[in-house]
Amino acid sequence: MKLAVPDLVSSATLPAIAAVELGYFKRAGYDAELKLLTPADNAFRSLKSSEVDLVAALAHTGAAVFPDWKGLKLLCALSQGLPSVLVAHSNRKVRPGDVRALAGCRIAVAESDSGILRQMLNLCDSEARLVSLESNAAEGFNMTGYHALANGHVEGILVDGLIARMIVSEGLGTVVVDLRQGHGPKECYNYTVAALAATDRFVSTSPTATAAIVQALVSAEKALRADPKIALPIADKFFPQQAKYIVEKVRFDSLFYDASISRKLVSGMAKFLIAERALSAELLYEDVVATQVMPQWGAFLSRSNRQNRAGAFGE
């Protein structure tokens, strides 16, 4: 079984990577192999052509390859909410949430995420300029964007939360939008979600495997939540430069480790995709989500954590 990810240096896809590297797929009876396919469009094209069986990526990116979502299903969330963080170069001295202060700045973004940044800037009446960067095939967008910021080619970047943490720790930049911390337009929270996806064909012809895959992912989420330090060997293997940040990042992200996909998320994502002309009409929940695996999602977050997350982040 092949699982494609568009970026290995990513906390957003970490639960899926962990499910493979920590043996949860194997315990479920399936040998899984990670495959880096960047940008995200390429991962979904390989899914459509059956070159891979699964994709772990931001869900909205699938719409570019599966028009009107036909043929694609989300199996579960890797975590809740928009995981991308907007960071400005420290020279700009921008305060958290002050998106309008980015007027005139060049903001780097992966092509597949440009719509999210565009809508974010529009909601905040910001006149920043989008700069789409081609991902380095060997490392994905996140490090490509990091180097662009570090080298002064751009003044800001929409990037994975792990890289944002590294940028801030190095004094290179400051967080402007992080919806999980309550900074920025809440309307963007449900534009997308890091998710595990498969084709309709796979779900319908391999129901046992589909259920086992979701259970393996949920087990990985639970394990990371219980002990963030188990992510260290994964970090050492795939992104040693960022390994020293991974434990605290997982500890924070664990509040969002929840495999469920809500109707509110599907509705928010559909409205975003329609606004970006990537979708022609609203979607039914059942058209987007493999509802037959909902029992595997479980409910392992405590009631208090769910309430805290909802209260702080507007779910």
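Which residue in strand 10 is the bridge partner of A57? Keep that in mind as you start. This is a predicted model.

**Stop 1: the sheet**

Select strands 2, 1, 3, 10 and 4, in that order. They form an open sheet of five strands, and the pairing is mixed. Now look at the edges. Strand 2 (33-36) and strand 4 (72-77) stand there. Each has a single partner strand, so one side of each has no neighbour in the sheet. Turn the view and follow the twist. On average, neighbouring strands of this sheet are turned by 30° against each other, direction ignored.

**Stop 2: strands 3 and 10**

Zoom in on strand 3 and on strand 10 (residues 194-199). The two pair in the antiparallel sense, over four bridges. Click A57, then A195. Here is the reply to the opening question: A195 in strand 10 is the bridge partner of A57.

**Stop 3: helices on the sheet**

Select helix 3, residues 40-48. Helix 3 packs on the sheet and touches strand 1, strand 3, strand 4 and strand 10. Compare directions: helix 3 makes about 155° with strand 3.

Next, select helix 1, residues 14-21. Helix 1 lies across strand 1 (2-5), strand 2 and strand 3. Its direction runs at about 140° to that of strand 2.

**Stop 4: helix 1 meets helix 8**

Keep helix 1 and add helix 8, residues 207-226. How are two packed helices described? By the angle between their axes and the distance between the axes. Here the angle is about 105°, and the axes are 8 Å apart. That makes helix 1 roughly perpendicular to helix 8, because angles of 65 to 115 degrees count as such.

Show the side chains. From helix 1, pick L14, P15, A16, A18 and A19. They meet A216, L217, A220, E221 and L224 in helix 8. Colour the contact by class: nine residues are nonpolar, none is polar and one is charged.

**Stop 5: the cavities**

Finally, look inside. How many cavities of 30 Å³ or more are there? The count comes to two. Go to the largest cavity, which holds about 300 Å³ of space. Its lining has 22 residues. Select P6, D7, L58, D113 and N142, which lie nearest its centre.

Now show strand 3 (54-58), helix 5 (141-150) and strand 8 (156-160). These are the elements that give two or more residues to this lining. Strand 8 gives the largest share, three residues. Colour the lining of the largest cavity by class to finish: eleven residues are nonpolar, eight are polar and three are charged.

Definitions and conventions. Residues are numbered from 1 along each chain as its sequence is written. This is a predicted model: local features need pLDDT of at least 70, side-chain atom pairs count only at pLDDT 80 or more; totals for chains, interfaces and linings use all residues. Side-chain values use heavy atoms; hydrogens and water are left out. On a 1 Å grid over the protein atoms alone, a cavity is a set of points where a 1.4 Å probe fits but cannot get out, and a pocket is an open set with protein on both sides within 12 Å along at least five of seven lines; lining residues have an atom within 4 Å of a point. Grid points are joined across faces, edges and corners, and a volume is the space filled by probe spheres set on the points. Ala, Val, Leu, Ile, Met, Phe, Trp, Tyr, Cys and Pro count as nonpolar, Asp, Glu, Lys and Arg as charged, and the others, Gly among them, as polar. Two strands pair if DSSP finds at least two bridges between them. Axes are lines fitted to C-alpha atoms, for helices over the stretch in contact, and angles run from 0 to 180 degrees between N-to-C directions. Contact means heavy atoms within 4.5 Å. Angles under 35 degrees count as roughly parallel, over 145 as roughly antiparallel, 65 to 115 as roughly perpendicular and the rest as oblique.
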